[in-house]
Amino acid sequence: MAVKGLGKIDQAYNAESIKVGILHARWNSTIIDALVDGAIQALKRFNVQEENIIVESVPGAYELPFGTKKMFEKYDVDVVIPIGCLIKGSTMHFEYICDSVTHKLMQLQFELNKPIIFGVLTCLTEEQALQRAGLSPGMHNHGEDWGACAVEMVAKWI
């Protein structure tokens, strides 16, 4: 079962001037598309202007750290939400990619002194990924949490 979500976020944040980059992998596109949509919906609920939401893609999750760094450079965004979905297969590929991407995204926050929201699902099954993307009945879309988290991190810390 998927976790219910982030919980209460102070809706009083004024996010009209926040500029957000959303960078998504193209693998598992059904899941990714739902997560991206969820993040955008949440950003708009906090009054992030549509023209301040920049969406780009990279081939896969492994390319998210490099693309994230380039989004800050190219678009001068306040925060980036890298979105990917890794689903366990029958080889060690899953573990290596999860570990590499997770560590590099965390490291980039401190290198760049900018918030990076961890929007990478690391699921053991496709069913878990569908649940976390809100595509299974009654489940929560974690992309909404990532959008809200982006607003909070910029509003409180930048």
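## A parallel sheet, its helices and a pocket

Trainee: Over how many bridges do E3 and E4 pair, and in which sense?

Mentor: Glad you start with the sheet; do keep in mind that this is a predicted model. One pair to look at is Leu86, which stands opposite Thr122 in E4. In total, E3 and E4 are joined by five bridges, and their sense is parallel.

Trainee: In what order do the four strands of the open sheet lie?

Mentor: Let's come in from the outside. The edge strands, each pairing on one side only, are E2 (53-58) and E4 (119-123). The pairing in this open sheet is parallel, and from one strand to the next the twist averages 20°. Reading across, the order is E2-E1-E3-E4.

Trainee: How many bridges join E1 to E2?

Mentor: Two facing pairs give you a feel for it. Ile22 has Val55 as its bridge partner in E2, and Ala25 stands opposite Val58 in E2. E1 spans residues 20-25 and runs parallel to E2, and the number of bridges joining them is six.

Trainee: How many of the six residues of E1 are buried?

Mentor: Take each face in turn, with buried meaning under 20% relative accessible area. On one side Val20, Ile22 and His24 are buried, and on the other so are Gly21, Leu23 and Ala25. Both faces of E1 are thus covered, and the count of buried residues is six of six.

Trainee: And E4, how many of its five residues are buried?

Mentor: E4 is an edge strand that pairs on one side only. Even so, E4 is mostly covered, and its buried residues number four of five.

Trainee: At what angle does helix H1 run to E3?

Mentor: Helix H1 covers residues 29-45 and lies across E1, E2, E3 and E4. Relative to E3, the direction of H1 is at about 155°.

Trainee: Which residue in the loop between H1 and E2 has a positive phi, and is this residue buried or partly exposed?

Mentor: Most residues other than glycine have a negative phi, so a positive one deserves a second look. In the loop between H1 and E2 you will find Asn47, with phi near 70°. Its relative accessible area is 40%, so Asn47 is partly exposed.

Trainee: Asp76 also has a positive phi; does this residue count as buried or exposed?

Mentor: Asp76 sits in the loop between helix H2 (64-75) and E3, and its phi is near 50°. The cut-off for exposed is over 50%. Asp76 has a relative accessibility of 56%, so this residue counts as exposed.

Trainee: How far apart in space are Asp99 and Thr122, C-alpha to C-alpha?

Mentor: Asp99 lies in helix H3 and, at 43% relative accessibility, counts as partly exposed. Thr122 is the residue in E4 that faces Leu86. Asp99 and Thr122 are 23 residues apart in sequence, and their C-alpha distance is 10.0 Å.

Trainee: What is the volume of the largest pocket, and which elements give two or more residues to its lining?

Mentor: The volume of the largest pocket is about 320 Å³. Its lining has 17 residues, and those closest to the centre are Trp27, Cys85, Leu86, His93 and Ile97. The elements giving two or more residues are strand E3 (79-87) and helix H3 (93-112).

Trainee: How many residues of that lining are nonpolar?

Mentor: Set the others aside first: six lining residues of the largest pocket are polar and one is charged. The nonpolar ones number 10.

Note on methods
Residues are numbered from 1 along each chain as its sequence is written. This is a predicted model: local features need pLDDT of at least 70, side-chain atom pairs count only at pLDDT 80 or more; totals for chains, interfaces and linings use all residues. Side-chain values use heavy atoms; hydrogens and water are left out. On a 1 Å grid over the protein atoms alone, a cavity is a set of points where a 1.4 Å probe fits but cannot get out, and a pocket is an open set with protein on both sides within 12 Å along at least five of seven lines; lining residues have an atom within 4 Å of a point. Grid points are joined across faces, edges and corners, and a volume is the space filled by probe spheres set on the points. Ala, Val, Leu, Ile, Met, Phe, Trp, Tyr, Cys and Pro count as nonpolar, Asp, Glu, Lys and Arg as charged, and the others, Gly among them, as polar. Two strands pair if DSSP finds at least two bridges between them. Axes are lines fitted to C-alpha atoms, for helices over the stretch in contact, and angles run from 0 to 180 degrees between N-to-C directions. Contact means heavy atoms within 4.5 Å. Buried means under 20% relative accessible area, exposed over 50%, partly exposed in between (1.4 Å probe, protein chains only).
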